[in-house]
Amino acid sequence: MAAEEASRSSPRSRREPKGRAPRQDKYSVLLPTYNERENLPLIVWLLVKSFSESGFNYEIIIIDDGSPDGTRDVAEQLEKIYGSDRILLRPREKKLGLGTAYIHGMKHATGNYIIIMDADLSHHPKFIPEFIRKQKEGNFDIVSGTRYKGNGGVYGWDLKRKIIRLYRKEVLQKLIGKCISKGYVFQMEMIVRARQLNYTIGEVPISFVDRVYGESKLGGNEIVSFLKGLLTLFATT
């Protein structure tokens, strides 16, 4: 068992076979949206700017859950502006939970690394190159943003907010298969499961800000679901 874990976590085990040129890493950003028509153009522009300036290969997958405010129309325009090789709109008919949105987005991701983040600008894309550098520096399976280290901070931030994370694609696929939560506790459960499976986790200090436009999507029912999910998570880990 120990030998298997050492082999999985060893940088040598993840190298390309001898004689074959290593493929360029590609980063797939999963961006679930619901009523984000004001925020979406800005977050996409910031993502494109960050990736373009840093030179990393990327794609942005927008998973809109039937937003009644016209978010899907905005996403379609962004797809035309930036090209369908960079912006992929993969909508669903209605809200089905954050966890299932990531599962849906994963089916369309072509990158070998997955970045999950919120579309409400509580996470600034300027931190993404730091996530990528941190992953390469430590050969981590997962890199998570934290407000508890270094220069990380919080400005008007709600503790129920989701956290930006970078995953090896195969790691995220395995974690999704292990998780039972479907709502906002989903990301927390993934980290708990990751530690159980001995995946390596790096951290980057980042600042969080409250949403720029619109109201928080965490209503009373979703807060109750969040708390129930936490109880279930504690009971099953």
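Which elements do the buried residues of α3 pack against? Here are some notes to read alongside the model.

1. **Ground rules.** This is a predicted model, so local features need pLDDT of at least 70, side-chain atom pairs count only at pLDDT 80 or more, and totals for chains, interfaces and linings use all residues. Residues are numbered from 1 along each chain as its sequence is written, and side-chain values use heavy atoms, with hydrogens and water left out.

2. **How far to trust it.** pLDDT is the predictor's confidence in each residue, from 0 to 100. The chain averages 77, and 68% of the residues score at least 70. Confidence peaks in β2, at a mean of 97, and is lowest in strand β6 (residues 153–155), at 40. Helices (H or I, at least four residues) and strands (E, at least two) are DSSP runs, numbered from the N terminus. Go carefully with residues 1–21, where the pLDDT is below 50. Residues 149–161 also stay under 50, and the model has 35 contacts for them beyond four places in sequence. Contact here means heavy atoms within 4.5 Å.

3. **Helix α3.** This helix has twelve residues (71–82), which should span 16 Å at 1.5 Å a residue, and its end C-alpha atoms are indeed 16 Å apart. The expected span is 1.5 Å times one less than the number of residues. Its buried residues (under 20% relative accessible area, with exposed over 50% and partly exposed in between, using a 1.4 Å probe and protein chains only) are Thr 71, Val 74, Ala 75 and Leu 78. They cover an arc of only 100° around the axis, so they sit on the same side of α3. That arc is taken from the directions from the helix axis to the C-beta atoms. An α-helix has 3.6 residues a turn, so residues three or four places apart point the same way. Back to the opening question: the buried residues of α3 pack against β1 (26–33), α2 (39–54), β2 (57–64) and β3 (87–89). Just after the helix, Gly 83 takes a positive phi of about 100°.

4. **The largest nonpolar core.** A nonpolar core is a set of buried Ala, Val, Leu, Ile, Met, Phe, Trp, Tyr and Cys residues joined through side-chain atoms within 4.5 Å. The largest one has 34 residues, and those touching the most other members are Leu 31, Leu 40, Val 44, Leu 47, Phe 51 and Ile 60. Its largest share, seven residues, comes from α2. Setting aside residues up to four places away in sequence, Phe 51 touches Tyr 27, Val 29, Phe 56, Tyr 58, Ile 115, Ile 128 and Ile 132.

5. **Strand β4.** Tyr 113 and Ile 115 point one way from β4, Ile 114 and Ile 116 the other way, and all are buried. Two strands pair if DSSP finds at least two bridges between them. β4 pairs with β1 in the parallel sense over four bridges, and Val 29 has Ile 115 as its bridge partner. Four bridges also join β4 to β7 (residues 165–168), and these two strands run antiparallel. In β7, Leu 166 stands opposite Ile 115.

6. **Two residues to click on.** Tyr 27 lies in strand β1 and is buried, with a relative accessible area of 1%. Its C-alpha atom is 9.4 Å from that of Arg 168, although the two are 141 residues apart along the chain. Asn 112, in the loop between α4 (98–106) and β4, counts as buried at 12% relative accessibility. From Asn 112 to Arg 168 is 6.3 Å, C-alpha to C-alpha.
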